[in-house]
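Reader: I should be grateful for a close look at a single part of this model, with its surroundings and the charged pairs described in turn. Please set out the contacts with their distances and the exposure of the residues concerned.

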Amino acid sequence: MPIIDVTLIEGRPAERKAALIRELTDAAERVLGVPRASIRVLLRELPAENWGVGGETKASTRG
């Protein structure tokens with residue numbers, strides 16, 4: 001059972017997250033040759049203030 005674990009900064013619309021889950025499932029099914037029902041996709045969303053790049057939070061570098 002493949003588990004695909006994705007971590008994102010929060011704030012994307014539900015439709016985009018659903019599309020990402022579909023596309024990742026499609027890719028795993030095609031490349032790994034496993035049944036769709038066995039594929040799990042986990043989306044973990046973090047607030048921008050909990051995401052750091054280059055010593056700065058993403059919240060402090062937005063806008």
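Author: Leaving aside residues up to four places away in sequence, S38 touches M1 and P2. The model is a predicted one, and the description below starts from S38 and its loop. S38 is placed in the loop between α1 (14-32) and β2 (40-46). With a relative accessible area of 19%, S38 is buried, because buried means under 20%. The side chain of S38 also reaches the backbone oxygen of P35, at a distance of 2.7 Å.

Of the two residues that S38 touches, M1 belongs to the segment before β1. M1 counts as exposed, its relative accessibility being 65%. Together with I3 and L42, M1 forms a nonpolar patch on the surface, and the three have about 320 Å² of accessible area together.

L42 also appears among the contacts of I4, a residue of strand β1 (residues 3-9). Not counting residues up to four places away in sequence, I4 touches L24, A28, I39, R40, V41 and L42. As for R22, its C-alpha is 12 Å from that of I4, with the two positions 18 residues apart in sequence.

The loop that holds S38 also takes part in charged pairing. Side chains of opposite charge can pair when their charged atoms come close. R36 forms a salt bridge with D26, and the closest N and O atoms are 2.7 Å apart. R36 lies in the loop between α1 and β2 while D26 lies in helix α1, so this pair ties together parts that are 10 residues apart in sequence. R36 counts as partly exposed at 37% relative accessibility, and D26 counts as partly exposed at 30%. The side chain of R36 meets that of E29 in a salt bridge as well, at 2.9 Å from N to O. E29 is partly exposed, at 30% relative accessibility. Through shared partners, these salt bridges join D26, E29 and R36 into one network.

The structure holds four salt bridges. One of them is formed by R44 and D5, whose closest N and O atoms are 2.7 Å apart. This pair links distant parts of the chain, since R44 is in strand β2 and D5 in strand β1, 39 residues apart. R44 is partly exposed, with a relative accessible area of 43%, and D5 is partly exposed, also with a value of 43%.

Notes
Residues are numbered from 1 along each chain as its sequence is written. This is a predicted model: local features need pLDDT of at least 70, side-chain atom pairs count only at pLDDT 80 or more; totals for chains, interfaces and linings use all residues. Side-chain values use heavy atoms; hydrogens and water are left out. Helices (H or I, at least four residues) and strands (E, at least two) are DSSP runs, numbered from the N terminus. Buried means under 20% relative accessible area, exposed over 50%, partly exposed in between (1.4 Å probe, protein chains only). A polar contact is a pair of N or O atoms within 3.5 Å; within protein, one must be able to donate a hydrogen and the other to accept it, and residues adjacent in sequence count only if both atoms are side-chain atoms. Contact means heavy atoms within 4.5 Å. Patches are made of residues with over 30% relative accessible area and no salt bridge: like charges are joined within 9 Å, nonpolar side chains (Val, Leu, Ile, Met, Phe, Trp, Tyr) within 5 Å. Accessible areas come from the Shrake-Rupley method with a 1.4 Å probe; for residues, only the protein chains shown count as cover.
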